[in-house]
Amino acid sequence: MTPVPMPKQTAAVLDVDKIRADFPILMRQVHDLPLVYLDNAASSQMPQPVIDRWVRYQQNEHANVHRAVHALSEIATREYEAARDKVARFINAREPREIIFTRGTTEGINLVMHGFGRAFIQQGDEIILSALEHHSNIVPWQMLCEEKGARLRIIPMNDAGELLLDEYEKLFNTHTRLVALAHVSNALGTVNPVREMIHAAHRHGVPVLLDGAQAAPHMAVDVQALDCDFYAFSGHKMCGPTGIGVLYGKAEWLEKMQPYQGGGDMILSVTFEKTTYNAIPYKFEAGTPPIAAAITLGAAMDYLSGIGMDAIAQHERALLRYATGQLRQVKGVRLIGTAQEKAAVLSFTLEGIHPHDAGTLLDMEGIAIRAGHHCAQPVMQRFGVPATARASFAFYNTFAEVDALIAGIHKVQKVFA
Amino acid sequence: MSDGRQLYQEVIMDHNKKPRNYGVLADANRRAEGHNPLCGDHISLSLRLDDDLIREIAFQGETCAICKASASMMTANVKGKSVADAETLIQEFRDMATGKLDTATQSHHLGRLNVFAGVRELPTRVKCAVLPWHTLHAAFHEESSATTESGEF
């Protein structure tokens, strides 16, 4: 087999050295070795301009939102709503009121489960999920099914980790109420043909929720072009802080849905006899929201937009191609997830070596990867493995870091030789 | 060399490749299953007790090297011992792995098992080393299963 050449033409796509200089954490050492951070699918790192935004908010702008008439409250409210506008532009929503701030993707899915599921899914109804979902897009629907007497139908996949679209089409019937689907698989990297799948669901009059946790950080997302009914994603996987996420919902659905939580800010008026709910999106944002985190997420989106999502996608594609080629040449490697359309996620096993041992030994080399079932146990069962090792890339990763990973894997194999 | 790496090199060189007492006892009178739900590791133990004596013991499972080596060394150590002596080892092993027992300064009965003191350097892997011991404890008490998530350590 011939070595895969480093794709020189992509060197010009991004100035990765310049980008890396924005990330203080990438300069640190782990176990006295330079950090090679390849666990971006779990959580990404934060660049200095985004860190600075958080600090500036706390130093100069903090107060509660939508409440007081004083200056700081007005500033905090303005910046919080400006962040909502940025999110709307980032995913091309029709209007900012279709953007709900959540704690993360999981809460976004749970919000749809409560607000949409409890209202519109009844006994005997069916929800279509795929075989490659994260637990966060399985468990809420199982809870709903148990409560309502509804049932799940699962789109199967092939050995490459691609969903079988013919089988998908066959799952629809008059009982189908919702399709809940990952845009990109966290465990396998598969990019699902969601546009086509949404189109198919809509032909049956069924709305679609996309779990975009692994897609939004890595490619341009246009919710109007996709025509999805809901889109959930997390801030901390896209250079933002933890504790903040986004649920996009088409206004016509959000208007019809029940609130998720009750409390302050989500009401127009309250008496002991009756409460009138606020308009969307506030109806779904009970209590004091994560103001600092939302504003900082807005700064993260500015940062990503400044680099350009298409340039990010192109660089990550080149990393994936290079890393896949290099990994395939290592003896004893089995790649789990070999879809034609993939994000920069490499899930693999090493013959005779448990992924946790590989993870621990790579960590001793300063290389951070994830080992485990990736909160996707049905995917592991499908491929007949208890766990995999997973290297997942971001736009700040380099080809040299791919080489470090490969060298690290050789070292792991030496320990077990 | 760090204790963590040393642990790996010592236990993997030997017990991971040639685990002792690997398999299932046909005439077992005690069995228990151990699970680590966080990583999916699974181990099954079978024992033959004669009164208070561990006459035979075997393990089988799909586990990482640390868990497998721990299980291998555990079975080799407790075979022929009384249940009470094995319980002492269980307690001491757990205490060593979680840092409550400093084998360098405090007295113990762990002998070669002392190599697992290095697992303290790998806090995310302590549960891997302790799982077989948990499972042995469950087998003595005729509980059919043990989990690393019971909050006992």
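Which residues are exposed on the other side of α14(A)? They are Ala400(A), Ala407(A), His410(A) and Lys414(A), where exposed means that 12 or fewer other C-beta atoms, placed from the backbone, lie within 10 Å of a residue's own, buried means 20 or more, and partly exposed is in between.

## Before we start

This is a predicted model, where local features need pLDDT of at least 70 and side-chain atom pairs count only at pLDDT 80 or more, while totals for chains, interfaces and linings use all residues. Residues are numbered from 1 along each chain as its sequence is written, and chains are lettered from A and ligands numbered from 1 in the order in which they are written.

## A helix with two sides

Back to α14 of chain A, which covers residues 399–416. (Helices are DSSP runs of H or I with at least four residues, strands are runs of E with at least two, and both are numbered from the N terminus.) This helix has 18 residues and spans 26 Å from its first C-alpha to its last, close to the expected 26 Å; the expected span is 1.5 Å times one less than the number of residues.

Its buried residues are Glu401(A), Val402(A), Leu405(A), Gly408(A), Ile409(A), Val412(A) and Phe416(A). Looking down the axis of α14(A), you'd find them within an arc of 120 degrees, so they line one face of the helix. The arc uses the directions from the helix axis to the C-beta atoms. An α-helix has 3.6 residues a turn, so residues three or four places apart point the same way.

## Two domains in chain A

An automatic or database assignment sets the domain bounds: chain A gets domain 1 (8–30 + 308–416) and domain 2 (50–306). Their centres, taken over C-alpha atoms, are 28 Å apart. Each domain of chain A puts 21 residues into the contact, with two residues in contact if their C-beta atoms, placed from the backbone, lie within 7 Å. On the domain 1 side, α11(A) gives the most, with 5 residues.

## Meet chain B

Chain B has 4 helices and 4 strands, running α-β-β-β-α-α-α-β along the sequence. Of its 153 residues, 44% are buried. The C-alpha atoms fill a box of roughly 45 × 35 × 30 Å along the principal axes.

## Where the chains touch

The contact takes 14 residues from chain B and 12 residues from chain A. On the chain B side, helix α1 (residues 3–16) gives the most, with 5 residues.
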